[in-house]
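Please examine the sequence and the model shown below. An explanation of the fold and of the contact between the chains follows them.

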Number of protein chains: 2
Amino acid sequence: MNRVAVDALGGDRAPGEVILGALDAVADGIDVVLYGPGGLDTQGLPLVETTEVIEMAEKPADAVRAKPDSSLVAAVRAVAERDADAVVSAGNTGAMLAAGLLHLKRLSGVMRPAIAVPIPTRQGPSVLIDAGANADNRPEHLLQFAHMGAVFCRELLDVGNPQVRLLSIGEEDEKGNQLTLEAHRLLREDDRLNFGGNAESRDLLRGASDVVVTDGFTGNIALKLLEGTIRELLDALRDEITATPRGKLGGLLIRPAARRLRARLDPDTYGGAYLLGLRGLAVIAHGNSGRTAIANAIRLAARGAEHRVVDRLSERLPERVRV
Amino acid sequence: MNRVAVDALGGDRAPGEVILGALDAVADGIDVVLYGPGGLDTQGLPLVETTEVIEMAEKPADAVRAKPDSSLVAAVRAVAERDADAVVSAGNTGAMLAAGLLHLKRLSGVMRPAIAVPIPTRQGPSVLIDAGANADNRPEHLLQFAHMGAVFCRELLDVGNPQVRLLSIGEEDEKGNQLTLEAHRLLREDDRLNFGGNAESRDLLRGASDVVVTDGFTGNIALKLLEGTIRELLDALRDEITATPRGKLGGLLIRPAARRLRARLDPDTYGGAYLLGLRGLAVIAHGNSGRTAIANAIRLAARGAEHRVVDRLSERLPERVRV
């Protein structure tokens, strides 16, 4: 039985939606413990009382040190102290990363933790890694990200022999910047990876590969561009449609189709970003996560604990990544 | 009277659509000369005969040297030799860059040419620079790109005091990688720029700024991601809509609205990418440019020549960029 520690105060819609999402996960048989202030109405869920809160705008590293008894830090510490098997928060991403590094610590052999985000493509999820844990990376980091992404894909998304591609400015092997050209060579030489060469960003939403590897700066730019473009485009379409009576009628008729598309593209479907490379599984849900997103994040955290993703990462990384 | 040299064989739909686009530009009073093989039916437009062709898949630098009498290289040389004031091609982007560096050469003081692309946002065009002329950049390159983008914006898009922002992974000054942190400092210190700080990629299509500065790798990833996401999303929506009879009817009713949106987002509206920093104006139209795109690219090239964009760049860069 795996236990998931949930930061009851993380995210814009906490604690209300967090508690509802946690209840949904509990209904699936998951063991959830909330971390939050005493007196919180948890609707019967177990609560570990904490006294502090980390706000979204705080400087991560400072906040994590200054507020050891915040709901976020206490939930992360619960995993470090084996009181829980995974942690979920929709709070400050940087604080989760800082708390993870401080309390969970890196897995042996891991140079840099990375954020893995499942992108909802037509062919199913495509894992983008690193989506922003790092600002600057070296080629050997990208090789580790490839392995972490492959383990994530196999264990959590049930993809047999996941294909890994490297995000670059052309599909040809010789296209790229210094970082990707060198990373390409490392990926190509590693015969335990199913490496499919470079992928172009234009194919990201179409499903370029099971795993798309990139540095944290480029990955963060790509992820936010994808999210922002989807939102802006759907908003612009709605504005154009509602500008005429004919369009308005058409809009009513296509509403179910638009809803299906929105549901597929909604980041909530997969529940969040996975912080990989630490001695414990941490899931960062979107800041505006609602009930469904929180429930999905908890489900995937529990599944990760069940599949012992951290052990799988630990087994795979130190023996193979020697660069 | 400014003359535009047009590569009649550039692009997937050449020469047919190129000639039609050129005819439209001529109807606006622009002086166009085509570069292409003898015997080409130019519908009366003047032709300078060339004997070679550079294909899309050829290695740019090699092709440019091996085929000095290709339509692309000859059209670029026409600008170098003052037979024309600007050049337009929908052919191989890398070959245009290589031919530009070889025959037009860099403007004095310019470290690296850059590609400027107008992104069609709700608030009008936003210029992304560099969109892929460079794979690796240094901070001082980004400072030059900022100035080139500002000149482009003022002279070609009629924006009075263009705001410049730096693409990064957070709006806060301290968010970024080593390159953007240092570039941020240079941009901030340059009091002749209207610098608005960092911009996030999620706001790119919404209109983050008049000019968005980035390195060529990140800019190329961003541009292709934007284009690919728009295409994939509109395709996915059409598939969802046509999956049911109700949706199909709605689809008919919203068609004008969808067309308006597609027209606004169509890269053809602005005609292409501008290669800045050379001793001559070069415009790279999209590989699949049709008549309208080619005509718009020629119009903007003529406008650039009229506004003496190259002289404006030359005046502005050497005196101010000392890093």
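The paragraphs below treat the sheet, the elements packed on it, one residue within a helix, and finally the relation between the chains.

The model is a predicted one. A suitable point of entry is the sheet of chain B, an open arrangement of eleven strands in the order 3-2-1-4-11-10-5-6-9-7-8, with mixed pairing. Its edges are formed by strand 3 (47-49) and strand 8 (194-200) of chain B, each of which pairs on one side only. From one strand to the next, the twist averages 25°.

One part of this order can be followed in detail in chain A. There, strand 1 (residues 3-7) and strand 2 (residues 31-36) run parallel and are joined by five bridges. Within this pairing, A:Val6 stands opposite A:Leu34 of strand 2 of chain A. The connection between the two strands of chain A passes through helix 1 (residues 16-27) of chain A, giving a β-α-β crossover that is right-handed. Strand 2 of chain A also pairs with strand 3 (residues 47-49) of chain A, again in the parallel sense, over three bridges. A:Leu34 takes part here as well, since its bridge partner in strand 3 of chain A is A:Leu47. Strand 2 of chain A is mostly covered, with five of its six residues buried.

In chain B, the pairing of strand 1 with strand 4 may be considered next. Strand 1 (residues 3-7) of chain B runs parallel to strand 4 (residues 86-89) of chain B, and three bridges join them. In strand 4 of chain B, the residue opposite B:Val6 is B:Val88. Two helices of chain B can be placed against these strands. Helix 1 (residues 16-27) of chain B lies across strand 1 and strand 2 (31-36) of chain B, and runs at about 165° to strand 2 of chain B. Helix 9 (residues 291-306) of chain B packs on the sheet, where it touches strand 1, strand 2, strand 4 and strand 11 (281-284) of chain B. The direction of helix 9 of chain B makes about 160° with that of strand 4 of chain B.

A single residue of chain B illustrates the packing around another helix. B:Gly100 belongs to helix 4 (residues 93-104) of chain B. Is B:Gly100 buried or exposed? Because it has 26 C-beta neighbours inside 10 Å, B:Gly100 counts as buried; the threshold for a buried residue is 20 or more. Leaving aside residues up to four places away in sequence, B:Gly100 touches B:Val76, B:Pro113, B:Leu275, B:Leu278 and B:Ala282. Of these contacts, B:Pro113 is 13 residues from B:Gly100 in sequence, and their C-alpha atoms are 9.3 Å apart.

The relation between the two chains completes the account. A turn of 180° with a shift of 0.0 Å along the axis lays chain A on chain B with an RMSD of 0.0 Å. The two copies are therefore related as by a two-fold rotation axis. In chain A, the C-alpha nearest this axis belongs to A:Gly250, at 2.0 Å from it. Both copies use the same surface, as 100% of the contact residues of chain A recur in chain B.

The contact takes 46 residues from chain A and 46 residues from chain B. On the side of chain A that touches chain B, the elements giving two or more residues are helix 7 (216-241) and helix 8 (245-265) of chain A. Helix 7 of chain A supplies the largest share of that side, 18 residues. By class, this side of chain A comprises 22 nonpolar, twelve polar and twelve charged residues.

Technical notes: Residues are numbered from 1 along each chain as its sequence is written. Chains are lettered from A and ligands numbered from 1 in the order in which they are written. This is a predicted model: local features need pLDDT of at least 70, side-chain atom pairs count only at pLDDT 80 or more; totals for chains, interfaces and linings use all residues. A residue is buried if 20 or more other C-beta atoms lie within 10 Å of its own, exposed if 12 or fewer, and partly exposed in between; C-beta atoms are placed from the backbone. Helices (H or I, at least four residues) and strands (E, at least two) are DSSP runs, numbered from the N terminus. Two strands pair if DSSP finds at least two bridges between them. A crossover is right-handed if, with the strands pointing away from the viewer, the path from the first strand over the helix to the second runs clockwise. Copies are superposed by least squares on the C-alpha atoms of residues with pLDDT of at least 70 in both. Two residues are in contact if their C-beta atoms, placed from the backbone, lie within 7 Å. Ala, Val, Leu, Ile, Met, Phe, Trp, Tyr, Cys and Pro count as nonpolar, Asp, Glu, Lys and Arg as charged, and the others, Gly among them, as polar. Axes are lines fitted to C-alpha atoms, for helices over the stretch in contact, and angles run from 0 to 180 degrees between N-to-C directions.
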